[in-house]
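Hi,

Here's the structure I promised to send over. Have a look first, and my notes follow below.

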Amino acid sequence: MATLLQTNSHLETEYRARTPGSARLYAEAARVLPSGVTHDSRALNPYPVYVARAKGPRKWDVDGNEYVDYYGGHGSLLLGHAHPSMVEAVTRQIELGTHYGSSHDAELRWAQLINRLVPSAERVRFTASGTEATHLAIRLARAFTGKPKILRFTGHFHGWHDQVAAGATSHFDGSTPIGILPALVDQAIMLPTDDVDRVVAAIEARDDIAAAIVEPSGASWGTVPLPPDFLRRVREVTARRGIVLIFDEVITGFRWSRGGAQAHFGVIPDMTTLAKIVAGGLPGGALAGRREIFDQLDFAAMKAAKREKVQHQGTYNANPICAAAGVAMLSIIEREDVCEQACRTAETLRDGMRRVLIEEGVPWGIYGDRSAFLVFVNPAGLAIDPATFDPLALGFKGLKGTRDPNIAARLRVAMLANGVDIMGAPGGMVSATHGPEDVARTLDAFRIAVKWMKAEGDIRG
Ligand SMILES: Cc1ncc(COP(=O)(O)O)c(C=O)c1O
């Protein structure tokens, strides 16, 4: 892995001094795991921290350092780490068996909770991940409409399978990523989201689109927010043209509101992909949606319609342990105001971070919707006033198309060295367990991090 961090860097020296145990484990890991990691986004220079345990909004590394955690299990931990209800549900289920290869009560309760919470969820099919959920959604949409093309939006991430690999984290020009068949990339129509009239016109002009798939937060959980009215206009034109509208709510599901982004924005898709929170932080996903579309999976319905059924298998679909965690998580979300609580804390955090930027004279921006926060680190050195920063004015190119991974990585390392773990966007997810003490610690860490970065020439503009 290339060394992105400067040598003689104070923040790197501080980080290394605090984390010798992580450095040792990383040296071993690099001999067996590519880049020493198990997910592209977990790679970090000079090395990532190795976590030994976690509870609520905090986690502790192998050297005993404590972190306020905003990685939140890649956004899956709305109730923080090791929530007592989740621990109890999973422990109980392990003793009852981990895999029956049969139907079981928890999968039914889990599907019923999704059905009650998510407005579009007339039917549910479980998968083992969000990637599998978007894969199945595309297959069902093609079977239902008999059409080939999938309308995607530049920079929107739908997992790592081949059909959605181009244009999500790279290859924004529509070119083909290595390892992917060009013929698959050709089956997607990729459009930017900044001009909704253009999107509507493109949909009106074609007759070969099976589905449109969108992150209803905007690309990468709001890194590139959608213009106002985008979802409503796309819903209107797709309904009129018989195109299946898929909301990818793998992040926003049960986070933007207890009914997801669709309930929050009042725009109801035909199908919804879910993962992360839906399985209580354990591996699991689901596809939910309109009954007529799900009939493609139904043996009797397809026999009656004299149509071929869509195939769908998966050893770990509705695995009992994940189902138990999912039922525990969704039951709390149904009963309690946890989504709103996380959103309120995130708003306080965003306000505080913005204040730090203003006080320290840093031309960056703080933004993000609901319980997410994002930091615009201004790689091009634009004249940004943090008090009035408007992400929509920068568009895709400014916000995601020309990200500087070096500055984001250095902010991550500086925050880790001060006891806070954020995601690489850079940004993070707030849980219902984060409170005033976590926010205060985070703001102190952020202030020191930007001071260090200013001193080391990372802050442009
Ligand atoms: C919006 C969105 N869709 C799909 C996925 C893929 O989910 P998974 O990692 O469970 O395969 C992710 C993962 O981060 C995501 O953020």
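How far apart do the C-alpha centres of domain 1 and domain 2 lie? They are 27 Å apart. Before going on, a word on the basics: this is a predicted model, where local features need pLDDT of at least 70, side-chain atom pairs count only at pLDDT 80 or more, and totals for chains, interfaces and linings use all residues. Residues are numbered from 1 along each chain as its sequence is written.

Domain 1 covers 10-81 + 338-455 and domain 2 covers 84-335, with bounds from an automatic or database domain assignment. Where they meet, the contact takes 23 residues from domain 1 and 26 from domain 2 (two residues are in contact if their C-beta atoms, placed from the backbone, lie within 7 Å). On the domain 1 side, α3 (72-75), α15 (338-360), β12 (372-376) and α16 (395-401) each supply at least two residues, and α16 has the largest share, five. That side divides into 12 nonpolar, eight polar and three charged residues. Here Ala, Val, Leu, Ile, Met, Phe, Trp, Tyr, Cys and Pro count as nonpolar, Asp, Glu, Lys and Arg as charged, and the others, Gly among them, as polar.

In total, the protein chain has 18 helices and 14 strands; these are DSSP runs numbered from the N terminus, helices being H or I with at least four residues and strands E with at least two.

Now the ligand. It is surrounded by 14 residues, the closest being Ser129, Gly130, Thr131, Gly159 and Val250 (near means a C-beta atom, placed from the backbone, within 6 Å). Helix α6 (residues 130-145) gives the most to this shell, three residues. By type, the shell has four nonpolar, eight polar and two charged residues.

Then there's the inside. The largest nonpolar core has 135 residues, and Ala211 is one of those with the most contacts inside it. (A nonpolar core is a set of buried Ala, Val, Leu, Ile, Met, Phe, Trp, Tyr and Cys residues joined through C-beta atoms within 7 Å; buried means 20 or more other C-beta atoms within 10 Å of the residue's own, all placed from the backbone.) Helix α14 (residues 320-335) brings the largest share of this core, 10 residues. Both domains give residues to this core, so it lies between them. Leaving out residues up to four places away in sequence, Ala211 touches Ile138, Ala141, Ile150, Leu151, Ile243, Val244 and Ile246.

Cheers

Methods: Buried ≥ 20, exposed ≤ 12 C-beta atoms within 10 Å, placed from the backbone.
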